[in-house]
Amino acid sequence: MAQVKQDTRDWSVAWKNPFVIAWFVILTIVLAVNFFMVSMAIVTNPGLVVEDFYEKGKNMEAVLINRKRMEELGWQLNVDLPIMSEGKDQTVKLNVLDKENKPFDVDTAVLYYYRPSDKNMDGEVKLTSTGNAGEYQATFQLPLKGKWDLMMEVHKGDLHYNIGRSIMVQDPE
């Protein structure tokens, strides 16, 4: 007759059970990863905090009124922006047109650029007239690759008009 081997393992001690050990190891890994991610979020905080958030929220009505007034003006800002490369001078051109698609001159034209992850990289460039009615240009460069927000703003008297867009700056070629 064949002898059946009897199980002599003692399962009453939890730390000798492989399932308990595996569960404990997985729990330890999950907690370590969470601790690492929280500490990285605290250490690498870009500090993108609006200091006067309440005032900016109250001014939202003024922003909406201004947007409606811009639509009524019917101005068109045609921006010719090349594909931007990191650290390379590029020329941006602007054509300003009225409701009837006729070019007209403005008092000032400014391009604002914002780096969402680092407010120290923000800046502005004034565009100068090319001599033709409604045509402006400026040469500038963005020092880092990645996402940038641009806003073009023109003023004529007490009227102003602006448009914005986001771009991705590429590696230099």
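Buried means under 20% relative accessible area, exposed means over 50%, and partly exposed lies in between (1.4 Å probe, protein chains only). This is a predicted model, where local features need pLDDT of at least 70, side-chain atom pairs count only at pLDDT 80 or more, and totals for chains, interfaces and linings use all residues. Residues are numbered from 1 along each chain as its sequence is written, and side-chain values use heavy atoms, with hydrogens and water left out.

**Exercise 1. The loop between strand 2 and strand 3**

Classify N101 and F104 as buried, partly exposed or exposed.

Solution.
Step 1: place the residues. N101 is in the loop between strand 2 and strand 3. F104 is in the loop between strand 2 (90-97) and strand 3 (108-114). Helices (H or I, at least four residues) and strands (E, at least two) are DSSP runs, numbered from the N terminus.
Step 2: apply the cut-offs. N101 has a relative accessible area of 49%, so N101 is partly exposed. F104 has 14% relative accessibility, so F104 is buried.
Step 3: check the backbone. Phi of N101 is near 65 degrees, which is a positive value in a residue other than glycine.
Step 4: list the partners of F104. Contact means heavy atoms within 4.5 Å. Leaving aside neighbours within four places in sequence, F104 is in contact with W75, V96, L97, D98, G134, Y136 and K156.
Step 5: compare sequence and space. F104 and L94 are 10 residues apart in sequence. Their C-alpha atoms are 12 Å apart.

**Exercise 2. The fold pattern and overall shape**

How many helices and strands does the chain have, and in which pattern do they follow?

Solution.
Step 1: count. The chain has 3 helices and 8 strands.
Step 2: read along the sequence. The pattern is α-α-α-β-β-β-β-β-β-β-β.
Step 3: look at the radius of gyration, taken over C-alpha atoms. The globule rule is 2.2 Å times the number of residues to the power 0.38. A compact globule of 173 residues would come out near 16 Å, but the chain has 30 Å.
Step 4: add the extents. The C-alpha trace spans about 110 × 45 × 35 Å along its principal axes.
Step 5: add burial and contacts. Of the 173 residues, 24% count as buried. Among contacts with a separation of 6 or more, 58% join residues 24 or more positions apart.

**Exercise 3. The salt bridge**

Which side chains meet in a salt bridge, and which parts of the chain does the pair tie together?

Solution.
Step 1: recall the criterion. A salt bridge is a side-chain nitrogen of Lys or Arg within 4 Å of a carboxyl oxygen of Asp or Glu.
Step 2: search. The whole structure holds 1 salt bridge. The side chains are those of K145 and D171, at 3.2 Å, N to O.
Step 3: locate both ends. K145 lies in the loop between strand 6 (135-140) and strand 7 (146-156), and D171 in the segment after strand 8 (159-169), so the pair ties together parts that are 26 residues apart in sequence.
Step 4: classify both ends. K145 is partly exposed at 43% relative accessibility. D171 is partly exposed too, with a relative accessible area of 45%.

**Exercise 4. Two residues among the strands**

Where do N78 and L127 lie, and which residues do they touch?

Solution.
Step 1: take N78. N78 lies in strand 1 (residues 76-80). With a relative accessible area of 35%, N78 is partly exposed.
Step 2: list partners. Not counting residues up to four places away in sequence, N78 touches K93, L94, N95 and L97.
Step 3: take L127. L127 sits in the loop between strand 4 (123-126) and strand 5 (128-129). With a relative accessible area of 8%, L127 is buried.
Step 4: list partners. Apart from neighbours within four places in sequence, the contacts of L127 include V92, L94, A109, Y136 and M152.
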